[in-house]
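Trainee: Pick one part of this model and give me a really close look at it. Then follow the chain outwards from there, so I can see what sits around it.

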Amino acid sequence: MKLGRLEKLDLRTYWKKEATDFTPWLAQEENIQLLSETIGIELEVQSQEESVGPFSADILCKDTINDHFVLIENQLEKTDHTHLGQLMTYAAGLDAVTIIWIAQKFTEEHRAALDWLNRITDDTFTFFGIEIELYKIGDSSPAPMFNIVSKPNDWTKQVKRSTTSQPATDTKLLQQEYWQGLKDFMEAKKSFVKMQNPLLQHWTNIAIGRSNFHLSASVNSRDNSINIWLNIMGEQAKENYDKLYETAYENSLTEVNKDLVWDKMDGRKMSAVMLKAPGDFADKNDWDNQFLWFKDNLERFIKYFKPKVAKL
């Protein structure tokens with residue numbers, strides 16, 4: 001069988017200008033999704049050319065799990081000091097906590113600058129440096145490739161947090177080990193569910209691609225249960241809950257699980273759909289059974305609710 005040969009293209013052959021060509025291309029849903037998969041953060045575009053005083057940031061997104069702002073600055077050339085300064089100005093003006101700098105090529109000093117920022121800031125701030133390349137095979141359409149050259153050191157930041165605001169008790173360490181085990185299990189089973197990096201807490205969040213909606217998996221040592229929550233938040237939480245309930249409830253018993261619990265949470269600024277099963281997370285011999293339950297039901301949740309959430 002004859003194999004094709006990758007041909008690297010000049011970025012300017014496809015995107016003539018950053019502002020009018022590359023930025024609108026990246027802001028399209030399928031392309032921002034490619035970036036999301038690269039960095040492991042589910043992004044939702046809020047605006048393009050967002051004003052910050054006399055300047056304008058290329059793309060402003062939200063992290064759909066925590067509603068934090070994500071700033072993206074694009075550069076179709078080698079990185080320079082001007083764009084680094086712009087990044088800092090825009091981040092301060094927009095109160096962004098995740099900064100993504102995309103360029104054709106990173107100089108060593110600019111990569112080192114992002115690495116330094118990741119080292120000195122706490123875990124509420126993250127900086128990514130990403131090089132973009134363009135390839136084709138024969139007469140195929142050009143295909144983009146994002147390559148991470150600088151990213152947060154999650155382990156360092158988790159250790160920093162565990163020694164300051166969140167003491168690393170034996171229970172917290174076991175919870176972190178549990179979520180790492182679930183993440184490894186999902187990846188080994190090639191599940192489409194993308195797990196976040198494990199933290200010292202009794203829950204972990206899973207994005208479904210929309211602000212104010214996310215899934216969470218949790219363990220409860222008080223009643224020895226494992227749980228999945230579809231969390232609905234924001235000013236429109238009750239309205240969105242009603243819409244989901246009206247359109248989803250009739251079929252949810254067979255398509256997700258017959259034991260779903262719908263909880264509008266009157267008096268609170270959120271609502272939820274929940275599923276519970278027996279499970280002692282401290283019993284490591286039972287972890288594979290618990291992980292399989294999470295895998296099967298998280299996949300059902302996402303397949304069923306994600307299209308409905310996207311329409312709200």
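Mentor: I'll start with one helix pair and work outwards from it. A caveat before we dig in: this is a predicted model, so local features need pLDDT of at least 70 and side-chain atom pairs count only at pLDDT 80 or more, while totals for chains, interfaces and linings use all residues. Residues are numbered from 1 along each chain as its sequence is written, and side-chain values use heavy atoms, with hydrogens and water left out.

Two packed helices are described by the angle between their axes and the distance between the axes. Our pair is α6, residues 170-188, and α8, residues 287-311, which pack at about 60 degrees with their axes 10 Å apart. (Helices are DSSP runs of H or I with at least four residues, strands are runs of E with at least two, and both are numbered from the N terminus; axes are lines fitted to C-alpha atoms, for helices over the stretch in contact, with angles between N-to-C directions running from 0 to 180 degrees.) That angle is why α6 and α8 are called oblique to each other (under 35 degrees is roughly parallel, over 145 roughly antiparallel, 65 to 115 roughly perpendicular, and the rest oblique). The α6/α8 crossing is right-handed, meaning that the near helix is turned clockwise from the far one by less than a right angle.

So who touches whom? On the α6 side you have Leu174, Glu177, Tyr178, Trp179, Gly181, Leu182, Phe185 and Met186, and they meet Trp287, Asp288, Gln290, Phe291, Leu292, Phe294, Lys295 and Leu298 of α8 (contact means heavy atoms within 4.5 Å). Sorted by class, that α6/α8 contact comes to 11 nonpolar, 2 polar and 3 charged residues (Ala, Val, Leu, Ile, Met, Phe, Trp, Tyr, Cys and Pro are nonpolar, Asp, Glu, Lys and Arg charged, and the others, Gly among them, polar).

Take Gly181 from that list. Glycine 181 sits in α6 and is buried, at 18% relative accessible area (under 20% is buried, over 50% exposed, and in between partly exposed, using a 1.4 Å probe on protein chains only). For a sense of reach, the C-alpha atoms of glycine 181 and asparagine 74 are 36 Å apart, with their positions 107 residues apart in sequence.

Now leave α6 along the chain, into the loop between α6 and β8 (203-210), and you find lysine 190. Lysine 190 is exposed, at 73% relative accessibility. Have a look at its backbone too: phi of lysine 190 is near 55 degrees, a positive value in a residue other than glycine. C-alpha to C-alpha, lysine 190 is 35 Å from threonine 107, 83 residues apart in sequence.

Methionine 265 has the same sort of backbone note, with phi near 55 degrees, positive in a residue other than glycine. It is in the loop between β11 (261-263) and β12 (270-278), but methionine 265 counts as buried, with 11% relative accessibility.

Back to α8, from the strand side this time. Isoleucine 228 lies in β10, residues 225-233, and is buried, with a relative accessible area of 0%. Beyond its neighbours within four places in sequence, isoleucine 228 is in contact with Leu215, Ser216, Val273, Met274, Leu275, Trp293, Phe294, Asn297, Leu298 and Phe301. You'll recognise Phe294 and Leu298 from the list of α8 residues that meet α6. As for Val273, its C-alpha is 8.3 Å from that of isoleucine 228, across 45 residues of chain.

Just along the chain, in the loop between β9 (213-220) and β10, is arginine 222. Arginine 222 is exposed, at 76% relative accessible area, and its C-alpha is 9.5 Å from that of aspartate 280, 58 residues apart in sequence.

For comparison, look at another helix pair. Helix α1 (residues 18-27) packs on α2 (residues 29-39) at about 80 degrees, with axes 5 Å apart. That makes α1 roughly perpendicular to α2. Trp25, Leu26 and Ala27 of α1 meet Glu29, Asn31, Ile32 and Leu35 of α2, a contact with 5 nonpolar, 1 polar and 1 charged residues.
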